[in-house]
Amino acid sequence: MPVQSLQNTDVILPQHTPHPLLPFLQSQSQNTLTRLYQRPSSCLSIFRLLGPIERQLIMNLLWLESAIPAATMSAWVMPEGKQAYDEALAVMAGLHIAPNSTVKLALNPTFKSSLRQAITGGGNTGSFGTPADKDYKRQSANIENLDAYALERWETILHYMVSSGQGQNPAKPSQGVLYLLQRSGLMNTAHGAILQITSSGFQFLLHSPHDQLWNLLLQYLHMAEERQMDLVEVLSFLFMLSTMDLGREYSTEPLSETQKAMLEDLRDYGLVWQRKASSKRFSPTRLATTLTSSSPPLPSSHSTGGSRAADATGTVALSSGAAQQGFIVLETNYRIYAYTDNPLQTAVLNLFITMKYRFPNLVVGMLTRESVRKALSNGISAEQIISYLTTHAHPQMRKNNPLLPVTVQDQIRLWELERNRLKSAEGYLYKDFASQADYEYVLAYAKQLDVVLWESAIKRCFFGTLEGHSNVRGFIERRTGAA
Amino acid sequence: MRAIKGVLLTCDSAVKQILLTMNEKDPFVIEDLDDYHLVIKADEEYRVRRELEAELEKNTYSLEAN
């Protein structure tokens, strides 16, 4: 069957998009990276972030004591894989894992010894965190509590974003989170002093939790640079968290000052849990421990309709499926049925639909001209609305081809076009030229500068941009001066 | 040779006709270039856009109003 064979090739050749952290790491100096590679947990985490070919190459080189000729390695590569191989080598060179050389191939010695240590264990660098002594007086947080805590923190942030500027008063995340949202351009204070979600903020809501998390953490890393925090400390702490055991308590004693300060921020994001701020122990949540793995960062979102059904049949709703499970049914008459009781999802929908009815597990609404225009005026694009509806479409909808009713898709785009019936550009109208030759001469110059927006040879005038005016005026003055 | 400061509006001809009608009441057009282009006074742009919006809104039928 053609369909099946298609799926098979998908499994064999998974599309690997580079992790968002890698470009950031590549922009760091060799010195920073080498210091980072002194920690086994960081090496292991970076190894996990790399693509399959890079991982394969590193594994091949890891246990070699000396460099091997580059030709030996490339002899393994089939001609059609040459490009992928070269790209993988470029990534490794950019990260200073394997220096770029056409003759010899070897791993960065620091990286090599740290990764070896990560795999074989041993040493006492404590880079994987130091477990706290067992506390017999108090029970440590169990996994369910940690999951609930992480989910609550994370949804507070997202919920705050969607319902900002809607007259609702959702629970506010901490000041640090607000600042981060503002810095990352996901929210801004365009209208008065109230923080409002931006166009990129809406796109952010469409991403998977894993991408959202890294998106914010990347911003955090950029901020850390400005706050004069030691980037190596910050990164290695994140990597340390990502290799920790869920449900285990760790001691704060061996952490550096920077890392202790980070604990506070990460608590706000829901990455770590502490009994109180002054506590000498902390537990990473699932958000943190899955940072560099492919497992889903949030426990099954038990509030979506999909997982509820799964619960009823007695199967354990495993996170990825349930969280990705679609819940929206869109009909050709613009009606939307959303099987959800999650306030966050309801709030996201509320950005672009008019609510009609709400039931405990179902929200009914309409896509109307007004509701879509409201979304458009908030900087949300028609494409974003359509892609949100597509990604969250109910499994029942997947039987349709195309997935969303074409009429509705087109109408959303038309509503967007309708707002752009008038385009404007500020500038100068040049007219009343003495002669046709004069006109053509100046126009040719203006065209050279690429500042002409409109021209008419019959009327002998043209319209130039504001930026080009001083140049064009100078040109005309020089010309009349010379004449 | 003259250079006049203004804002170039690019629109469809229907919108242009509405703008010309609005212009009769309260002039803001500097130059009528062709079917799709107008040059207007720079400081009038915001008002024109708002009034045009209101004018276009009159021609839409809303389900929600009922």
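Two strands count as paired if DSSP finds at least two bridges between them. Keep that cut-off in mind for the exercises below, which work through a predicted model.

**Exercise 1. Find which strand of chain A pairs with strand 1 of chain B, and in what sense.**

Solution. Start from a single bridge: A:Tyr428 has B:Lys5, in strand 1 of chain B, as its bridge partner. Next, widen the view to the whole pairing. Strand 12 (residues 422-431) of chain A runs antiparallel to strand 1 of chain B, and ten bridges join them. Since the cut-off is at least two bridges, the criterion for pairing is met.

**Exercise 2. Describe the side of chain B that touches chain A.**

Solution. Begin with the totals: 27 residues of chain B are in contact with 24 residues of chain A. Then ask which elements of chain B contribute. Strand 1 (2-11), strand 2 (29-34), strand 3 and helix 2 of chain B each supply at least two residues. Strand 1 of chain B gives the largest share, ten residues. Finally, sort this side of chain B by residue type: 14 residues are nonpolar, five are polar and eight are charged.

**Exercise 3. Judge how confident the predictor is about chain B and its elements.**

Solution. Take the chain as a whole: the mean pLDDT of chain B is 86, with 92% of its residues at 70 or more. Now go element by element. The lowest mean pLDDT among the elements of chain B, 87, belongs to helix 2 (residues 45-57), and the highest, 91, to strand 3 (residues 37-40). For the model, the scores are ipTM 0.85 and pTM 0.67. A friendly reminder for any prediction: where pLDDT is low, the coordinates should not be read in detail.

**Exercise 4. Work out which strands stand at the edges of the open sheet with the order 8-9-11-10 in chain A.**

Solution. Read the order first: this open sheet has four strands, with antiparallel pairing. Strand 8 (328-330) and strand 10 (354-359) of chain A each have a single partner strand, so one side of each is left without a neighbour in the sheet. On average, neighbouring strands here are turned by 15° against each other, direction ignored. To look at one pair, take strand 8 and strand 9 (residues 335-338) of chain A, which are antiparallel and share three bridges. Within that pair, A:Ile328 stands opposite A:Ala338 of strand 9.

**Exercise 5. Are A:Tyr334 and A:Asp450, which both have a positive phi without being glycine, buried or exposed?**

Solution. As background, most residues other than glycine have a negative phi, and most peptide bonds are trans.

- Step one: A:Tyr334 has a phi of about 70° and lies in the loop between strand 8 and strand 9 of chain A. It has 21 other C-beta atoms within 10 Å, so A:Tyr334 is buried.
- Step two: A:Asp450 has a phi of about 60° and is found in the loop between helix 22 (436-449) and strand 13 (452-456) of chain A. Its 8 C-beta neighbours inside 10 Å make A:Asp450 exposed.

**Exercise 6. Locate the positive phi in the hairpin of strand 13 and strand 14 of chain A, and the cis peptide bond that ends at A:Pro402.**

Solution. Strand 13 and strand 14 (residues 461-465) of chain A are antiparallel partners over four bridges, and A:Ser456 is bridged to A:Cys461. Four residues lie between the strands of this hairpin, and A:Arg460 takes a positive phi near 55°. Turning to the cis bond, the step from A:Asn401 to A:Pro402 has omega near -5°. A:Pro402 sits in the loop between helix 20 (382-391) and helix 21 (406-419) of chain A.

Notes. Residues numbered from 1 in each chain as written. Chains lettered and ligands numbered in written order. Predicted model: local features only at pLDDT ≥ 70, side-chain atom pairs only at ≥ 80, totals over all residues. pLDDT = per-residue confidence, 0-100. Axes fitted to C-alpha atoms, helices over the stretch in contact; angles between N-to-C directions. Buried ≥ 20, exposed ≤ 12 C-beta atoms within 10 Å, placed from the backbone. Contact = placed C-beta atoms within 7 Å. Nonpolar A, V, L, I, M, F, W, Y, C, P; charged D, E, K, R; others polar.
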